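Reader: I have a structure open and would like to talk through parts of it with you. May I begin with a single residue?

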Amino acid sequence: MGELSQAASLRGHRGGVNCLAGEGDTLVSGGEDGTVRLWDLGAQRTARAMVAPGAQAVNALAVGRGGCEHFVFGAAGRDVFAYDLRAPGVLMREPAVPSLGGSSDEVGALAIDAAGEHVAIGDDSGEVRVVNLDGDSQPPELDAAHGSICACLAFRPAGGGGGGLELLSGGTDAFAVRWDCLTGATLCSWCLAAAAPPAQSDGAAPRVINPRHVHSLAFEPGGTAFAAALGDGSIELRDANHGALLAAAPSAHGAAASQVVFAPQLGGAGWGTAVPLLSAGDDSRLRLWACEPPPAEGASEGASLRAVGSASLAQKPNWVLPHPSGVVCVAGTSDAVGVWRVSGGIRIRT
């Protein structure tokens, strides 16, 4: 088993921390206090602070890539803003981009593609839209999205088998939707409301009888499968093209599962072909899984999820983010970002 232990707390926010984002060594957090904080993880302190327009609570973040690598995108209310980290000052009050266009309702989900050219925005009305950051031409509007809150977004990794620019969205209507962002078309739509059978023992609490809202989605690095964190406390691994269930941990959490994220930087020689997967839930637990992706694209057998580590959190988590340095950052209802380390010499038996 892997031991998850808290190594530090990053303090600076004046209220709960709603979200985290990172790219490379960059780590940012967004809080109820209306600020985005850039952290010096080594010194365990705030390096810079950015104020959201109107000092509204920051509910989602994304760090730029490619030509936009110096930008931090944040969601506050119905708007998405962006700060340029090349600008001077420790306290930044005026974003370089005050708005990427207003959404129909409060924005709670952001994602940026691997090339750093497109930002996806999901709001509480269920609307999903994609903005081209070069500003020359905008992608077509996406078809009607979710019947209720769009809770999460994830761009598919390049080479994942889909081609083009694909986006996955999840909502509190219990649907996961796969989009072609270049045409605006819905490629697939899967209702996850039906629970998977208890195919394996995952060492957690008895199953929770809650609606299977899709709270979080993450692609495995190869892009052939995705993990979903669901409102009944379960974690599922599904085929990225057709949505077929590949593996499940039906009782992963004793309350709604709120976060799921792949963390290949936590792996090593002892993991074999398995990929580390982190999950967190409203049961205030952080769990580490060995995820064995399908051996080939379209394969329906050979995938698995195995629990290899667990830790209790001091509060309900809002966001989990693995960092390239090998630590795991956790934001929750307190004013601190927890920094966790994985130890214990994990070795995955094959």
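Reader: Is Ser234 buried or exposed?

Author: In this predicted model, Ser234 counts as buried, because its relative accessibility is 1%, and the cut-off for buried is under 20%.

Reader: Where is the place of Ser234?

Author: Ser234 is found in the loop between S18 and S19.

Reader: Which side chain shares a polar contact with that of Ser234?

Author: The partner is Arg212, and the polar contact between the two side chains is 3.3 Å. With neighbours within four places in sequence left aside, the residues in contact with Ser234 include Arg212, Ala228, Ala249 and Pro250.

Reader: Moving on to the interior: how many residues has the largest nonpolar core?

Author: That core has 20 residues. Those with the most contacts inside it are Ile235, Leu237, Val260, Phe262, Leu277, Trp289 and Leu305.

Reader: Which strands supply at least two residues of this core each?

Author: They are S18 (225-230), S19 (235-239), S20 (245-249), S21 (257-262), S22 (275-281), S23 (285-292) and S24 (304-312). Another core lies apart from it, with 18 residues, among them Leu4, Ala263, Ala311 and Val328.

Reader: What is Leu237 in contact with, leaving aside its neighbours within four places in sequence?

Author: Its contacts include Phe226, Leu245, Leu246, Phe262, Cys291 and Leu305. Glu292 is also in contact with Leu237.

Reader: A different topic, the open sheet of 5 strands. What order does it have?

Author: The order is S2-S3-S4-S5-S9, and the pairing is mixed. Strands S2 (17-23) and S9 (91-92) stand at the edges; each has a single partner strand, so one side of each is left without a neighbour in the sheet.

Reader: In what sense do S5 and S9 pair?

Author: Strand S5, residues 45-51, pairs with S9 in the parallel sense over 2 bridges. Met50 stands opposite Met92 in S9.

Reader: What about the backbone at Gln44?

Author: Gln44 has a positive phi of about 60 degrees, although it is not a glycine. Most residues other than glycine have a negative phi. Gln44 lies in the loop between strand S4 (35-40) and S5, and it is partly exposed at a relative accessible area of 42%.

Reader: And what of phi at Ser284?

Author: Ser284, not a glycine either, has a positive phi of about 60 degrees. The loop between S22 and S23 holds Ser284, which counts as buried at 17% relative accessibility.

Reader: Now the cysteines. How many disulfides does a search of the whole structure find?

Author: The search finds 0 disulfides.

Reader: Why is there no bond between Cys152 and Cys150?

Author: The sulfur of Cys150 is the closest cysteine sulfur to that of Cys152, but the 6.5 Å between them is too far for a bond. Cys152 is buried, with a relative accessible area of 7%. Cys329 is in no disulfide either, since its nearest cysteine sulfur, that of Cys19, is 13 Å away, and a disulfide needs the sulfur atoms within 2.5 Å. Cys329 is buried, at 0% relative accessible area.

Reader: Finally, which strand does Val327 lie in?

Author: Val327 lies in strand S26, residues 327-332, and is buried with a relative accessible area of 2%. Not counting residues up to four places away in sequence, Val327 touches Leu41, Leu321, Pro322, Val339, Trp340 and Arg341.

How values were computed: Residues are numbered from 1 along each chain as its sequence is written. This is a predicted model: local features need pLDDT of at least 70, side-chain atom pairs count only at pLDDT 80 or more; totals for chains, interfaces and linings use all residues. Side-chain values use heavy atoms; hydrogens and water are left out. Two strands pair if DSSP finds at least two bridges between them. Helices (H or I, at least four residues) and strands (E, at least two) are DSSP runs, numbered from the N terminus. A nonpolar core is a set of buried Ala, Val, Leu, Ile, Met, Phe, Trp, Tyr and Cys residues joined through side-chain atoms within 4.5 Å. Buried means under 20% relative accessible area, exposed over 50%, partly exposed in between (1.4 Å probe, protein chains only). Contact means heavy atoms within 4.5 Å. A polar contact is a pair of N or O atoms within 3.5 Å; within protein, one must be able to donate a hydrogen and the other to accept it, and residues adjacent in sequence count only if both atoms are side-chain atoms.
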